[in-house]
Amino acid sequence: MPEISKIIEAIIISLHVSFIATFFAFFLSIFFGYLIATRKFFAKKYIVSNLGSLTSIPSVCAGLIVYLIISRQGPLGWMQILYTPTAMIIAQFIIIFPIMTTLIINYIEQEYPQVKEELISYGASQKDIVMLMIANQKSIYLTIVLIGFGRAISEYGAAAIVGGSIDHVTRNMTAMIALETAKGNIMVGVTLGTILITLSLMMSFGINYFKKND
(Lines give C-alpha, C1' and ligand atoms only; values in the text may rest on other atoms or scores of the structure.)
Protein backbone atom coordinates (compact mmCIF):
# COMPACT_ATOMS: atom_id res chain seq x y z
CA MET A 1 0.00 0.00 0.00
CA PRO A 2 1.84 3.12 -1.22
CA GLU A 3 -0.34 5.43 0.88
CA ILE A 4 0.53 3.58 4.10
CA SER A 5 4.25 3.80 3.32
CA LYS A 6 3.91 7.54 2.67
CA ILE A 7 2.04 8.01 5.96
CA ILE A 8 4.74 6.12 7.89
CA GLU A 9 7.44 8.12 6.11
CA ALA A 10 5.74 11.42 7.01
CA ILE A 11 5.46 10.34 10.66
CA ILE A 12 9.14 9.37 10.80
CA ILE A 13 10.22 12.68 9.24
CA SER A 14 8.03 14.65 11.68
CA LEU A 15 9.33 12.77 14.73
CA HIS A 16 12.95 12.97 13.56
CA VAL A 17 12.88 16.72 12.91
CA SER A 18 10.87 17.61 16.03
CA PHE A 19 12.91 15.41 18.39
CA ILE A 20 16.20 16.95 17.27
CA ALA A 21 14.83 20.52 17.37
CA THR A 22 13.42 19.93 20.86
CA PHE A 23 16.65 18.31 22.08
CA PHE A 24 18.84 21.27 21.11
CA ALA A 25 16.26 23.86 22.17
CA PHE A 26 15.90 22.27 25.61
CA PHE A 27 19.58 22.09 26.49
CA LEU A 28 20.29 25.58 25.21
CA SER A 29 17.21 26.94 26.98
CA ILE A 30 18.41 25.41 30.27
CA PHE A 31 21.82 27.02 29.85
CA PHE A 32 20.56 30.48 28.87
CA GLY A 33 17.54 30.26 31.18
CA TYR A 34 19.68 29.71 34.27
CA LEU A 35 22.27 32.21 33.07
CA ILE A 36 19.64 34.93 32.68
CA ALA A 37 17.48 34.10 35.70
CA THR A 38 20.23 33.76 38.32
CA ARG A 39 22.18 36.90 37.44
CA LYS A 40 21.55 40.62 37.49
CA PHE A 41 22.95 42.51 34.53
CA PHE A 42 22.25 45.43 32.25
CA ALA A 43 19.47 44.85 29.70
CA LYS A 44 18.17 41.75 31.50
CA LYS A 45 14.59 43.03 31.44
CA TYR A 46 14.96 43.87 27.75
CA ILE A 47 16.20 40.35 26.91
CA VAL A 48 13.47 38.65 28.96
CA SER A 49 10.82 40.90 27.42
CA ASN A 50 12.01 40.12 23.90
CA LEU A 51 12.11 36.38 24.60
CA GLY A 52 8.54 36.63 25.85
CA SER A 53 7.51 38.46 22.69
CA LEU A 54 9.14 35.81 20.50
CA THR A 55 7.02 33.06 22.07
CA SER A 56 4.15 34.18 19.85
CA ILE A 57 6.14 34.52 16.63
CA PRO A 58 4.08 33.19 13.69
CA SER A 59 5.63 30.01 12.31
CA VAL A 60 5.60 31.36 8.75
CA CYS A 61 7.68 34.34 9.92
CA ALA A 62 10.20 32.01 11.56
CA GLY A 63 10.33 30.05 8.32
CA LEU A 64 10.83 33.23 6.30
CA ILE A 65 13.70 34.34 8.55
CA VAL A 66 15.45 31.00 8.17
CA TYR A 67 14.79 31.01 4.41
CA LEU A 68 16.42 34.44 3.99
CA ILE A 69 19.45 33.27 5.96
CA ILE A 70 20.03 29.90 4.25
CA SER A 71 18.81 30.62 0.74
CA ARG A 72 21.41 30.90 -2.03
CA GLN A 73 21.57 34.69 -1.62
CA GLY A 74 21.63 34.51 2.18
CA PRO A 75 24.68 34.65 4.47
CA LEU A 76 24.57 30.87 5.03
CA GLY A 77 23.63 29.95 1.49
CA TRP A 78 26.98 28.26 1.02
CA MET A 79 25.84 25.50 3.41
CA GLN A 80 23.20 24.37 0.89
CA ILE A 81 20.73 23.20 3.53
CA LEU A 82 17.58 24.79 2.10
CA TYR A 83 14.84 22.20 1.48
CA THR A 84 16.47 19.69 3.82
CA PRO A 85 15.47 18.30 7.24
CA THR A 86 18.28 20.41 8.73
CA ALA A 87 16.51 23.59 7.60
CA MET A 88 13.28 22.35 9.17
CA ILE A 89 15.09 21.64 12.44
CA ILE A 90 16.52 25.17 12.52
CA ALA A 91 13.09 26.70 11.84
CA GLN A 92 11.41 24.64 14.56
CA PHE A 93 14.25 25.48 16.94
CA ILE A 94 13.64 29.19 16.41
CA ILE A 95 9.95 28.70 17.19
CA ILE A 96 10.29 26.65 20.39
CA PHE A 97 13.53 28.01 21.91
CA PRO A 98 11.96 31.29 23.17
CA ILE A 99 9.00 29.35 24.59
CA MET A 100 11.15 26.88 26.51
CA THR A 101 13.63 29.51 27.68
CA THR A 102 10.85 31.80 28.94
CA LEU A 103 9.24 28.95 30.88
CA ILE A 104 12.56 28.02 32.47
CA ILE A 105 13.32 31.64 33.39
CA ASN A 106 9.88 32.04 35.00
CA TYR A 107 10.36 28.87 37.05
CA ILE A 108 13.88 29.73 38.20
CA GLU A 109 12.99 33.31 39.16
CA GLN A 110 10.27 31.92 41.42
CA GLU A 111 12.28 29.10 43.01
CA TYR A 112 15.90 30.30 43.02
CA PRO A 113 15.55 33.07 45.66
CA GLN A 114 13.75 30.65 48.02
CA VAL A 115 16.52 28.05 48.03
CA LYS A 116 19.57 30.20 47.40
CA GLU A 117 20.22 31.55 50.91
CA GLU A 118 19.59 28.24 52.66
CA LEU A 119 21.82 26.22 50.35
CA ILE A 120 24.61 28.82 50.41
CA SER A 121 24.57 28.61 54.21
CA TYR A 122 25.38 24.90 53.83
CA GLY A 123 28.35 25.75 51.62
CA ALA A 124 26.74 25.09 48.23
CA SER A 125 28.09 26.95 45.22
CA GLN A 126 25.83 28.46 42.58
CA LYS A 127 26.62 25.52 40.32
CA ASP A 128 25.54 23.12 43.10
CA ILE A 129 22.27 25.04 43.54
CA VAL A 130 21.52 24.89 39.82
CA MET A 131 22.26 21.17 39.61
CA LEU A 132 20.12 20.49 42.69
CA MET A 133 17.18 22.44 41.25
CA ILE A 134 17.42 20.47 38.02
CA ALA A 135 17.67 17.12 39.83
CA ASN A 136 14.78 17.81 42.21
CA GLN A 137 12.34 19.20 39.67
CA LYS A 138 12.57 16.75 36.76
CA SER A 139 8.80 16.88 36.23
CA ILE A 140 8.94 20.59 35.45
CA TYR A 141 11.59 20.09 32.80
CA LEU A 142 9.75 17.12 31.30
CA THR A 143 6.67 19.34 31.07
CA ILE A 144 8.69 22.02 29.27
CA VAL A 145 10.09 19.41 26.87
CA LEU A 146 6.58 18.17 26.08
CA ILE A 147 5.35 21.72 25.48
CA GLY A 148 8.24 22.40 23.10
CA PHE A 149 7.89 19.09 21.28
CA GLY A 150 4.14 19.50 20.93
CA ARG A 151 4.60 22.97 19.42
CA ALA A 152 7.31 21.73 17.06
CA ILE A 153 5.54 18.66 15.69
CA SER A 154 2.26 20.49 15.08
CA GLU A 155 3.63 23.51 13.21
CA TYR A 156 3.27 23.74 9.43
CA GLY A 157 4.29 27.12 8.03
CA ALA A 158 8.00 27.20 8.85
CA ALA A 159 8.63 23.59 7.84
CA ALA A 160 6.80 24.08 4.55
CA ILE A 161 8.78 27.23 3.64
CA VAL A 162 12.27 25.91 4.35
CA GLY A 163 11.55 22.22 3.78
CA GLY A 164 9.65 22.55 0.54
CA SER A 165 7.46 19.50 1.29
CA ILE A 166 9.68 17.25 -0.85
CA ASP A 167 8.44 13.67 -1.09
CA HIS A 168 10.64 11.17 0.82
CA VAL A 169 12.81 14.01 2.15
CA THR A 170 10.97 16.82 3.97
CA ARG A 171 7.26 16.01 3.68
CA ASN A 172 6.19 15.77 7.30
CA MET A 173 2.73 15.08 8.70
CA THR A 174 1.39 18.63 8.59
CA ALA A 175 2.63 19.19 5.03
CA MET A 176 1.17 15.87 3.89
CA ILE A 177 -2.20 16.64 5.49
CA ALA A 178 -2.40 19.93 3.57
CA LEU A 179 -1.23 18.37 0.30
CA GLU A 180 -3.41 15.25 0.36
CA THR A 181 -6.50 17.19 1.43
CA ALA A 182 -5.97 19.63 -1.45
CA LYS A 183 -5.65 16.65 -3.84
CA GLY A 184 -8.92 15.21 -2.55
CA ASN A 185 -7.34 12.27 -0.71
CA ILE A 186 -9.44 12.96 2.36
CA MET A 187 -8.81 9.61 4.06
CA VAL A 188 -5.04 10.13 4.06
CA GLY A 189 -5.53 13.59 5.54
CA VAL A 190 -7.95 12.27 8.16
CA THR A 191 -5.58 9.42 9.09
CA LEU A 192 -2.63 11.74 9.57
CA GLY A 193 -4.82 14.30 11.32
CA THR A 194 -5.99 11.64 13.75
CA ILE A 195 -2.40 10.58 14.45
CA LEU A 196 -1.35 14.19 15.00
CA ILE A 197 -4.32 14.85 17.31
CA THR A 198 -3.50 11.66 19.23
CA LEU A 199 0.09 12.82 19.68
CA SER A 200 -1.14 16.24 20.84
CA LEU A 201 -3.50 14.62 23.35
CA MET A 202 -0.64 12.47 24.63
CA MET A 203 1.47 15.61 25.04
CA SER A 204 -1.37 17.31 26.96
CA PHE A 205 -1.86 14.27 29.16
CA GLY A 206 1.85 14.15 29.91
CA ILE A 207 1.95 17.87 30.73
CA ASN A 208 -1.03 17.58 33.12
CA TYR A 209 0.38 14.42 34.68
CA PHE A 210 3.76 15.96 35.45
CA LYS A 211 2.15 19.17 36.75
CA LYS A 212 0.07 17.16 39.24
CA ASN A 213 3.19 15.31 40.39
CA ASP A 214 5.32 18.41 41.02
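Modeller: Before we look at any one residue, a helix here means a DSSP run of H or I with at least four residues, and helices are numbered from the N terminus. With that in mind, and remembering that this is a predicted model, we can place Met-79 in the loop between α3 (59–70) and α4 (85–121).

Colleague: How many helices and strands does the chain have, and in what order do its elements run?

Modeller: The chain has nine helices and zero strands, and from the N terminus on the order is α-α-α-α-α-α-α-α-α. Along its principal axes, the C-alpha trace spans about 65 × 45 × 25 Å.

Colleague: Why is Met-79 called partly exposed?

Modeller: The label "buried" needs under 20% relative accessible area and "exposed" needs over 50%, with "partly exposed" in between. Met-79 has a relative accessibility of 38%, which lies between those two limits, and therefore it counts as partly exposed.

Colleague: What makes Met-79 part of a patch, and which residues form that patch with it?

Modeller: A patch residue must have over 30% relative accessible area, and Met is one of the nonpolar side chains that are joined within 5 Å; the 38% of Met-79 is over that cut-off. The nonpolar patch on the surface is formed by Ile-65, Ile-69, Leu-76, Trp-78 and Met-79, and together they have about 470 Å² of accessible area.

Colleague: Let us turn to helix α3, where Ser-59 lies. Is Ser-59 buried or exposed, and how do you know?

Modeller: Ser-59 has a relative accessibility of 15%, and since buried means under 20%, Ser-59 counts as buried. Leaving aside residues up to four places away in sequence, Ser-59 touches Ile-95, Arg-151, Glu-155, Gly-157 and Ala-158.

Colleague: How far is Tyr-156 from Ser-59, in sequence and in space?

Modeller: They are 97 residues apart in sequence, yet 7.3 Å apart in space, C-alpha to C-alpha. Tyr-156 sits in the loop between α6 (138–154) and α7 (157–163), and at 39% relative accessibility it falls between 20% and 50%, so it counts as partly exposed. Beyond residues up to four places away in sequence, Tyr-156 touches Thr-174, Ala-175 and Ala-178.

Colleague: What makes the pairing of Lys-44 and Glu-109 a salt bridge?

Modeller: In general, side chains of opposite charge can pair when their charged atoms come close. The rule asks for a side-chain nitrogen of Lys or Arg within 4 Å of a carboxyl oxygen of Asp or Glu; the closest N and O atoms of Lys-44 and Glu-109 are 3.8 Å apart, so the pair passes. This pair links distant parts of the chain, with Lys-44 in helix α2 (residues 44–54) and Glu-109 in helix α4, 65 residues apart. Lys-44, at 16% relative accessibility, is buried because that value is under 20%, whereas Glu-109, at 36%, is partly exposed.

Colleague: How many salt bridges does the structure hold, and how do Lys-183 and Glu-180 stand in helix α8?

Modeller: The structure holds three salt bridges, and one of them joins the side chains of Lys-183 and Glu-180 at 3.6 Å, N to O. These two residues are three apart in helix α8 (residues 173–183), which means that about one helical turn separates them. Glu-180 has 4% relative accessibility, so it counts as buried.

Colleague: How do you know that Arg-171 and Asp-167 form a salt bridge too?

Modeller: Their N to O distance is 3.7 Å, which is within the 4 Å limit, and therefore the two side chains meet in a salt bridge. Arg-171 is buried because its relative accessible area is 17%, under the 20% limit, while Asp-167, at 26%, counts as partly exposed.

Colleague: Which residues are closest to the centre of the largest pocket, and which helix gives the most to its lining?

Modeller: The largest pocket has a volume of about 180 Å³. Among the 11 residues lining it, Ala-37, Thr-38, Lys-40, Tyr-112 and Lys-116 are closest to its centre, and α4 gives the most to the lining, with six residues.

Conventions. Residues are numbered from 1 along each chain as its sequence is written. This is a predicted model: local features need pLDDT of at least 70, side-chain atom pairs count only at pLDDT 80 or more; totals for chains, interfaces and linings use all residues. Side-chain values use heavy atoms; hydrogens and water are left out. Patches are made of residues with over 30% relative accessible area and no salt bridge: like charges are joined within 9 Å, nonpolar side chains (Val, Leu, Ile, Met, Phe, Trp, Tyr) within 5 Å. Accessible areas come from the Shrake-Rupley method with a 1.4 Å probe; for residues, only the protein chains shown count as cover. Buried means under 20% relative accessible area, exposed over 50%, partly exposed in between (1.4 Å probe, protein chains only). Contact means heavy atoms within 4.5 Å. On a 1 Å grid over the protein atoms alone, a cavity is a set of points where a 1.4 Å probe fits but cannot get out, and a pocket is an open set with protein on both sides within 12 Å along at least five of seven lines; lining residues have an atom within 4 Å of a point. Grid points are joined across faces, edges and corners, and a volume is the space filled by probe spheres set on the points.
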